[in-house]
Amino acid sequence: MLKTLAVAHYRSINTLVIPLGRLNLITGPNGSGKSNLYRALRLLAETAQGGVVNALAREGGLDSTFWAGPQTISRRMRNGDVPIQASVHQGPKRLRLGFAAEDFSYAIALGLPELSSSAFALDPEIKRECIWAGAVYRPAALLVNRTGPVVRSRVERTWEVLAQHTPTFDSLFDQVGSLSSSPEVLQLREFIRRWRFYDHFRSDADAPVRQPQLGTRTPVLHHDGRDLAAALQTILEIGDPQALHTAISDAFPGARLHIQPLQGARFAIEFYQEGLLRPLSAAELSDGTLRYLLLVAALLTPRPPTLMVLNEPETSLHPDLLPALARLIIRASHECQVWVVSHASRLIAALQQDPGCNAIVLEKNIGQTEVVGQGILDEPAWRWPD
Ligand SMILES: Nc1ncnc2c1ncn2[C@@H]1O[C@H](COP(=O)(O)OP(=O)(O)OP(=O)(O)O)[C@@H](O)[C@H]1O
Ligand SMILES: [Mg+2]
């Protein structure tokens, strides 16, 4: 489980350290930084998929994603006594992401190349990566230390050089093969690779989910939801069919779901509703109904991830469906850690009923994202490797 997430100098986040629980609910007004925090989490996930530098470049590179305000906002700037201005010692631009998990913690710092003869001079570089034991960084707890191209790992009381020429765009996790003497890297990589993000289910008229799709066992729903029929059938066969039926009748009283195998090993959804003589196919379902089924399939997965992230799951759902969705999310939070970004008051209210819900309300204050009500003492302990 993730215990702490830390982000610095990324978009509207100057510095943010947030404690995480089993069920994390991120809310806040428009522009407060919910999506920025979500993106930061995605970037962290990209480190383990080999794509953090590319993902950052696609977002507009460091120039656009780097925090546009001064490094520190003094009390006098806050009070309006002096204008907002750059700090005297700005230091090199470093975008930092990190987290503390159960056993190990990880942090990465990205910056611009100093002197580059490459045509890719705007690509950010990985400057520093560290893995340490425990939640709070201390030099003595450091296990793996990457500085520029050199990766070192602690072997008892000495440091062993694991790699000398790591490319600036490869993270530690891309080098697992050559870092075989470092089990922490492998363990953290597997942990991060099992994070699952759902933020762009497709339900438009041309969405693949509306057509029959290949029926193969699908314990994990595709991120755009295309293999919904197979995922639902997998839940019926090896997951929790009772929970699936309950989730459907909870939201659509009297409705029933059947997955029909077709010729050519394809599966079709048949949705029986009260008052109709024949079931409706996925092509005929409303956007909201289809999106609800997609969320059901995602949340009842027979193979839970280490972290399930849902970005604004309420999109297209009628408020009456939100309590049923909240029950599904709470159920999922017993199987895996959950992160939900939401605007919908009924979903928020229903999730907050759960004693395990860690509600984080964001606000923007002088341009930077802050957690409402978080004083310095409430912030989880966190130190960036210097
Ligand atoms: N490089 C940057 N430096 C500072 N602030 C930035 C930077 N890039 C974007 N922002 C700010 O981040 C804010 C957008 O935050 P974000 O998209 O996370 O909001 P949100 O909480 O998801 O809002 P919504 O509810 O509208 O989706 C904008 O107000 C924008 O001004
Ligand atoms: Mg947003």
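This passage describes a helix contact, a strand pairing and the cysteines of a predicted model.

Helix H6 spans residues 228-238, and helix H7 spans residues 241-251. Their axes come within 7 Å and cross at roughly 125°. H6 is therefore oblique to H7. On the H6 side, the contact is made by Leu 232, Ile 235 and Leu 236. H7 contributes Pro 241, Leu 244 and His 245. Five of the residues in this contact are nonpolar and one is polar. None is charged.

Strand E10 (residues 195-198) is covered on both faces. Trp 195 and Phe 197 lie on one side and are buried. Arg 196 and Tyr 198 lie on the other side and are buried as well. E10 pairs with strand E14, which covers residues 307-311. The pairing is parallel and runs over four bridges. Within it, Phe 197 of E10 has Val 309 of E14 as its bridge partner. Phe 197 is thus described twice here, as a buried residue and as a bridge partner of Val 309.

The cysteines were examined for disulfides. A disulfide is a covalent bond between the sulfur atoms of two cysteines. The structure holds zero disulfides. For Cys 336, the closest cysteine sulfur is that of Cys 357, at 14 Å. A disulfide requires the two sulfur atoms to be within 2.5 Å, so the sulfur of Cys 336 is too far from that of Cys 357 for a bond. Cys 336 is also buried, at 3% relative accessibility. Cys 130 is buried too, with a relative accessible area of 0%.

Notes
Residues are numbered from 1 along each chain as its sequence is written. Chains are lettered from A and ligands numbered from 1 in the order in which they are written. This is a predicted model: local features need pLDDT of at least 70, side-chain atom pairs count only at pLDDT 80 or more; totals for chains, interfaces and linings use all residues. Side-chain values use heavy atoms; hydrogens and water are left out. Axes are lines fitted to C-alpha atoms, for helices over the stretch in contact, and angles run from 0 to 180 degrees between N-to-C directions. Helices (H or I, at least four residues) and strands (E, at least two) are DSSP runs, numbered from the N terminus. Angles under 35 degrees count as roughly parallel, over 145 as roughly antiparallel, 65 to 115 as roughly perpendicular and the rest as oblique. Contact means heavy atoms within 4.5 Å. Ala, Val, Leu, Ile, Met, Phe, Trp, Tyr, Cys and Pro count as nonpolar, Asp, Glu, Lys and Arg as charged, and the others, Gly among them, as polar. Buried means under 20% relative accessible area, exposed over 50%, partly exposed in between (1.4 Å probe, protein chains only). Two strands pair if DSSP finds at least two bridges between them.
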